[in-house]
Amino acid sequence: MGREERFPVWEAALGAGVAAAFAAGLVGVYLSMPDSDYSFLKLPRNLEELQILTGHLENYTSDYTLQVLVGYCAVYIFMQTFMIPGTIFMSLLAGALFGQLRGVALVVFAATAGASSCYFLSKMIGKPLVFSLWPDKLSFFQKQVAKRREKLLNYMLFLRVTPTLPNTFINLASPIVDVPYHTFLLGTLIGLIPAAYVTVRAGIALGELTSLSDLYDTQSIALLFLIGVVSVTPALLGKDEAQEKPSEMAVGAS
């Protein structure tokens with residue numbers, strides 16, 4: 001029986017080990033905190049729950065900054081690794097607790113680390129999942145990566161800045177279509193900064209938000225698309241140059 005046909009026992013065990021490591025980290029943070037009622041600690045699913053969580057955590061952030069930072073990063077990275085929805089609320093929380101500069105740095109770090117963890121997990125055991133969930137998207141992504149191989153970083157930046165493809169899909173599919181990790185890492189690290197800035201800035205004024213649609217006004221969306229167009233322009237120009245060279249050679253030979 002071939003390697004792809006058997007159940008990947010050790011890969012599955014490794015994935016479980018990653019989850020257990022995150023759980024152990026969170027338990028360690030919990031044990032280092034003072035005795036109190038922590039029933040408010042749960043993943044927020046709407047703005048009201050996020051505002052309640054923020055109100056409680058603000059009391060701990062100044063005295064237990066390290067524990068809050070470690071707990072925040074562990075939860076964010078875990079959610080990114082295992083495709084748990086709701087990271088937008090975590091980004092808003094960073095703005096509310098840590099301010100603009102530290103909040104953006106924290107979100108970009110945690111999101112990049114989580115995306116990287118998802119990348120390597122998918123490289124080991126993700127191929128069947130991606131093929132079953134997104135066969136058409138995967139085919140499209142594979143063709144685009146093959147066409148833009150020489151300017152792949154620009155294309156990855158474009159994908160991260162614009163909503164062309166979901167971030168979860170990019171994290172899972174990149175190793176399958178042979179996007180090198182260093183390109184994936186740089187594209188993620190740099191490409192997530194604009195969206196992180198917008199979301200963290202909104203989190204600073206969390207009490208004024210009434211809906212997630214308030215996050216992205218027309219100006220913010222236009223700015224993100226402009227950055228995306230600028231990032232992909234070198235790849236498009238490189239493609240045109242590559243198409244022109246064979247025609248020039250043919251003219252010269254005739």
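1. In this predicted model, helix α5 makes the greatest contribution to the lining of the largest pocket, giving four residues. The pocket itself has a volume of about 740 Å³, and of the 32 residues that line the largest pocket, those closest to its centre are T87, N167, L192, A195 and Y216.

2. On the origin of that lining, the elements that each supply two or more residues are α3 (65-81), α4 (87-98), α5 (100-125), α8 (152-161), α9 (167-173), α11 (193-204) and α12 (218-253). In character, the lining of the largest pocket divides into 22 nonpolar residues, nine polar residues and one charged residue.

3. A separate point concerns A74, which is placed in helix α3, an element that also gives two or more residues to the lining of the largest pocket. A74 counts as buried because its relative accessibility is 11%, and the cut-off for that class is under 20%. The C-alpha atoms of A74 and A23 lie 8.4 Å apart in space, although the two residues are 51 positions apart in sequence.

4. On the surface, the residues L153, L186, L189, I190 and I193 form a nonpolar patch, and together they have about 370 Å² of accessible area. Helix α10, which spans residues 181-191, provides the largest share of the nonpolar patch, with three residues.

5. Within that patch, L186 deserves a separate remark, since this residue lies in helix α10 and is a member of the nonpolar patch. With a relative accessible area of 38%, L186 is partly exposed; the value is over 30%, so L186 meets the accessibility cut-off for patch residues, and it falls in the class between buried, under 20%, and exposed, over 50%.

6. Which residues form the salt bridge, and how far apart are their closest N and O atoms? The structure holds one salt bridge, formed by K42 with E49, and the closest N and O atoms of this pair are 4.0 Å apart. In general terms, side chains of opposite charge can pair when their charged atoms come close.

7. The two partners of the salt bridge fall into separate accessibility classes, and each should be described on its own terms. K42 is exposed, because its relative accessible area is 52% and the exposed class begins over 50%. E49, by contrast, is partly exposed, with a relative accessible area of 25%, a value that lies between the cut-offs of 20% and 50%.

Methods
Residues are numbered from 1 along each chain as its sequence is written. This is a predicted model: local features need pLDDT of at least 70, side-chain atom pairs count only at pLDDT 80 or more; totals for chains, interfaces and linings use all residues. Side-chain values use heavy atoms; hydrogens and water are left out. Patches are made of residues with over 30% relative accessible area and no salt bridge: like charges are joined within 9 Å, nonpolar side chains (Val, Leu, Ile, Met, Phe, Trp, Tyr) within 5 Å. Accessible areas come from the Shrake-Rupley method with a 1.4 Å probe; for residues, only the protein chains shown count as cover. A salt bridge is a side-chain nitrogen of Lys or Arg within 4 Å of a carboxyl oxygen of Asp or Glu. Buried means under 20% relative accessible area, exposed over 50%, partly exposed in between (1.4 Å probe, protein chains only). On a 1 Å grid over the protein atoms alone, a cavity is a set of points where a 1.4 Å probe fits but cannot get out, and a pocket is an open set with protein on both sides within 12 Å along at least five of seven lines; lining residues have an atom within 4 Å of a point. Grid points are joined across faces, edges and corners, and a volume is the space filled by probe spheres set on the points. Ala, Val, Leu, Ile, Met, Phe, Trp, Tyr, Cys and Pro count as nonpolar, Asp, Glu, Lys and Arg as charged, and the others, Gly among them, as polar.
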